[in-house]
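This report walks through a few parts of one structure for a reader who has not met it before. Please keep the sequence and the 3D view at hand while reading.

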Amino acid sequence: MIDINNTYSDLPSEFYHRVKPSASINPELISLNTELASFLNIDTKDKKLFTDIFSGKSIKRDSKPLAMVYAGHQFGNFVPRLGDGRAILIGEVKGKNNLLYDVHLKGSGKTMYSRNGDGRCPIGPAIREYLVSEAVNSLKIPTTRSLAIFSTGEKVYRESNLPGAILVRVASSHIRVGTFEYFSYKKDFKNLKILADYSIKRHFPNLIRRKDKYFIFFSEVVIRQLKLVSKWLSFGFIHGVMNTDNTLISGETIDYGPCAFMDHFKKNKVFSSIDYGGRYSFNNQSFICFWNMLCFANAILPLFDNTKSAAKILELELSNFKKKFTDQWTSDMSLKFGSKKNKIFDEDFFKSWTELLESENLDYTNSFLKLEEILLLNKNGNKNIKQTNKIYIFAEKWIKILKANSISLDSALKTMRENNPYYIPRNHIVEKVINEGVEGNFNKLEEVYKIIKDPFKKKKGFRPSEQEPKEDEKVFSTFCGT
Ligand code: AMP
Ligand code: MG
């Protein structure tokens, strides 16, 4: 049994355009996230039925597919209408936690929001999103997830003819800051309120009856966003395209176009081939998160009766952003250094760490594993660790702080093991998987998928140090998944 409903289609017609998926000519299942399917109560035993429904070839009666409309600030410039140009919402399914999840088919054909695009998705960007989103989820970072990839049987033309694919994206909703901006900019305040109430009902149902529900809604969205971006930073993740249409009010990561995990640390690192000014560089992400929340505040202001006093309250909320962000980030980073207490390391401590990584050209992920190694040697009383290597000198300072705060090395090691992955979806590996996928070979996809799905467990034959790219394997730039 596969149960799909569509509560979004009950909203007024200004929220979407009804359209059926059209890209699945001869769909074939490439990869399936069985764990997610089971969480969503989706029966996958009948592969033909599953393929037909989730590739969009056949539409279930209650599904009512549609393309959602939204606006957005892209690289700082406002675009009054964007919308799903290459994705279609086929409806919602209920998870084991009793919450609704949107099912979006990305690459399923043109919609009225496609502008000059073809509404298609080549296999490469589908594989990138499938792998990286699952890795992000496995690192316990909130994210949209990928249920499956299908090939469509069509060719999609980019620089060359490429196999077409559909990525089934699952999200706790696809409501974006840009969805609010769409109605706000049009001065359609009636629908702005309907959107806010729908969002509250779906994401913050305990607020429904509160008089101050829109204020709390705002501050909850801000908290979710800052928690999200803090997590990205702590794992060396660069989203790459933090436009307000890619900012979900659920606080999940969305849009895996030009994203990347850093190998060697560089605080101003940019991967996206279209981010010429470095707006979405690694270090700028917390500021952009703040900027996006400022856009959100502007968009929801018309919800309040007294906009002047509401603006003051929202401003006050935003004036605490920096402090709240720093607290969150400090506590996320502290975990990576083995401490559940978040005040024992100060910002200078973290700064000296990242400066060390940058000046020595060290791998971000593996350097934490190196610290674990040093900690283990220290714990075992090995006196031969008085090395001149800068990372050992740093580690001495760090271990002193742990000891001074009565954190045993055993407990530090345990905390570190839970917060420092052995594996991330490294760019050069993702590229290899994509290159093979374009040739119709998905063995490497399955192999890498298994590894990144369980990133805190060391796998035989996959030494983390060997995962680092060699000089000729380094990837310097990523492309939007169009
Ligand atoms: P993104 O860069 O993925 O955030 O997309 C920005 C906008 O461009 C959204 O409205 C997308 O739906 C639209 N878009 C991106 N790629 C395509 C495509 N191949 N066909 C139609 N619309 C697209
Ligand atoms: Mg997008």
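How many Å separate an oxygen atom of ligand 1 from an N or O atom in the side chain of asparagine 246? In this model, which is a predicted one, that separation is 3.3 Å. Taken alone, ligand 1 exposes 480 Å², and the protein buries 87% of that area.

**The surroundings of ligand 1**

There are 18 residues around ligand 1, and those that come nearest are Gly83, Gly85, Arg86, Gly119 and Asp255. Sorted by class, the shell holds two nonpolar residues, eight polar ones and eight charged ones. Three pairs of atoms that link the protein with ligand 1 are set out below.

| Residue and its atom | Atom of ligand 1 | Distance |
|---|---|---|
| Arginine 115, polar side-chain atom | oxygen | 3.0 Å |
| Glycine 119, backbone N or O atom | nitrogen | 2.8 Å |
| Asparagine 246, side-chain N or O atom | oxygen | 3.3 Å |

**The magnesium ion**

Asparagine 246, listed in the table for its approach to ligand 1, also serves the magnesium ion, which is ligand 2, as a protein donor through OD1. The other protein donor is Asp255, through OD, and these donors lie 2.2 to 2.4 Å from the ion. Asp255 is likewise among the residues that come nearest to ligand 1. Asparagine 246 counts as buried because its relative accessibility is 9%, under the cut-off of 20%. Aspartate 255, with a relative accessibility of 14%, therefore counts as buried by that cut-off too.

**Serine 146 in strand β8**

Serine 146 is a residue of strand β8, and its relative accessibility of 1% is why serine 146 counts as buried. Its side chain is joined to the side chain of serine 133 by a polar contact of 2.9 Å. Leaving aside residues up to four places away in sequence, serine 146 touches Asn33, Leu36, Glu129, Tyr130, Ser133, Leu167 and Val168, so that Ser133 appears both in this list and as the partner in the polar contact.

**Helix α2**

Strand β8, which spans residues 145–157, is also one of the elements against which the buried residues of helix α2 pack. The helix covers residues 47–54, and its buried residues are Phe50, Thr51, Asp52, Ile53 and Phe54. Besides β8, these buried residues pack against β2 (28–32), β6 (87–94), β7 (100–106) and β9 (161–171). After α2 comes glycine 56, whose phi is positive, near 85°.

Note on methods:
Residues numbered from 1 in each chain as written. Chains lettered and ligands numbered in written order. Predicted model: local features only at pLDDT ≥ 70, side-chain atom pairs only at ≥ 80, totals over all residues. Heavy atoms only, no water. Buried < 20%, exposed > 50% of the residue type's maximum accessible area, 1.4 Å probe, protein only. Helix = DSSP H or I, 4+ residues; strand = E, 2+ residues; numbered from the N terminus. Contact = heavy atoms within 4.5 Å. Donors = N, O, S within 2.8 Å, 3.2 Å for Na, K, Ca; no water. Polar contact = N/O pair within 3.5 Å; in protein donor to acceptor, adjacent residues only side chain to side chain. Near = heavy atom within 4 Å. Areas by Shrake-Rupley, 256 points an atom, 1.4 Å probe, with all protein chains shown as cover. Nonpolar A, V, L, I, M, F, W, Y, C, P; charged D, E, K, R; others polar.
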